Amino acid sequence: MRITCPCCGSREIAEFTYGGDATRVRPSLDDGDEARWFDYVFLRDNPRGVHREFWQHTLGCRSWLVVERNTLTHEITSVALARDSLARPASAQQQAEAAEREGQR
């Protein structure tokens with residue numbers, strides 16, 4: 001698998017470190033709901049299909065990236081610097097899938 005870093009170009013996956021789910025929303029610091037914090041800190045989904053993930057180019061420019069990847073085929077559909085892409089909301093499909101996962105808990 002190769003990731004195309006916006007700064008360095010196409011590179012082997014060995015140059016990158018997985019950083020976690022880029023769709024998770026951290027509860028506010030003044031949120032006292034222990035169940036919400038427990039879910040945020042300890043529970044992770046195992047999504048099937050297109051998913052947004054954090055990756056760091058650790059052996060290159062060290063930039064944090066948001067990679068949109070199909071977890072079934074490993075096809076990468078987009079890569080952006082995390083600082084630029086965090087302002088971009090998840091796609092409608094990803095929002096629907098996240099809402100569905102929340103409803104299953």
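R2 is partly exposed, at 44% relative accessibility. The model is a predicted one, and R2 is a good place to enter it. The side chain of R2 meets that of E12 in a salt bridge, with 2.6 Å from N to O. This pair links distant parts of the chain. R2 sits in strand β1 (residues 2–5), E12 in strand β2 (residues 9–12), and 10 residues separate them. E12 has 41% relative accessibility, so it also counts as partly exposed.

Next comes R11. Its partner in a salt bridge is E15, and the closest N and O atoms are 3.7 Å apart. The cut-off for such a contact is 4 Å. R11 has a relative accessible area of 29%, which means it is partly exposed.

A search of the whole structure gives five salt bridges. Some of them are joined up: D31, D33 and R36 are linked in a network. Within that network, the side chains of R36 and D33 meet at 3.0 Å, N to O. R36 is partly exposed at 44% relative accessibility. D33 is partly exposed too, at 30%.

Now turn from charge to nonpolar surface. F38, V41, F42 and L43 form a nonpolar patch there. Together they have about 380 Å² of accessible area. L43 lies in the loop between α1 (34–42) and β4 (50–56). Its relative accessible area is 31%, so L43 is partly exposed. A residue needs over 30% to enter a patch, so L43 can belong to one.

The strands that follow give another picture. Strand β5 (residues 64–70) has six of its seven residues buried, so the rest of the structure largely encloses it. Buried here means under 20% relative accessible area. What joins β5 to β4? Seven bridges do, and the two strands run antiparallel. F54 stands opposite V66 of β5. In a regular strand, side chains alternate between the two faces of the sheet.

β5 also pairs with strand β6 (residues 76–81). Five bridges join them, again in an antiparallel arrangement. E68 stands opposite S78 in β6. The two strands form a hairpin, with five residues between them. In that turn, H74 has a positive phi of about 65°.

Follow β5 once more from its partners. Bridges join it to β4, and bridges join it to β6. Six of its seven residues are buried.

Methods:
Residues are numbered from 1 along each chain as its sequence is written. This is a predicted model: local features need pLDDT of at least 70, side-chain atom pairs count only at pLDDT 80 or more; totals for chains, interfaces and linings use all residues. Side-chain values use heavy atoms; hydrogens and water are left out. Helices (H or I, at least four residues) and strands (E, at least two) are DSSP runs, numbered from the N terminus. Buried means under 20% relative accessible area, exposed over 50%, partly exposed in between (1.4 Å probe, protein chains only). Patches are made of residues with over 30% relative accessible area and no salt bridge: like charges are joined within 9 Å, nonpolar side chains (Val, Leu, Ile, Met, Phe, Trp, Tyr) within 5 Å. Accessible areas come from the Shrake-Rupley method with a 1.4 Å probe; for residues, only the protein chains shown count as cover. Two strands pair if DSSP finds at least two bridges between them.
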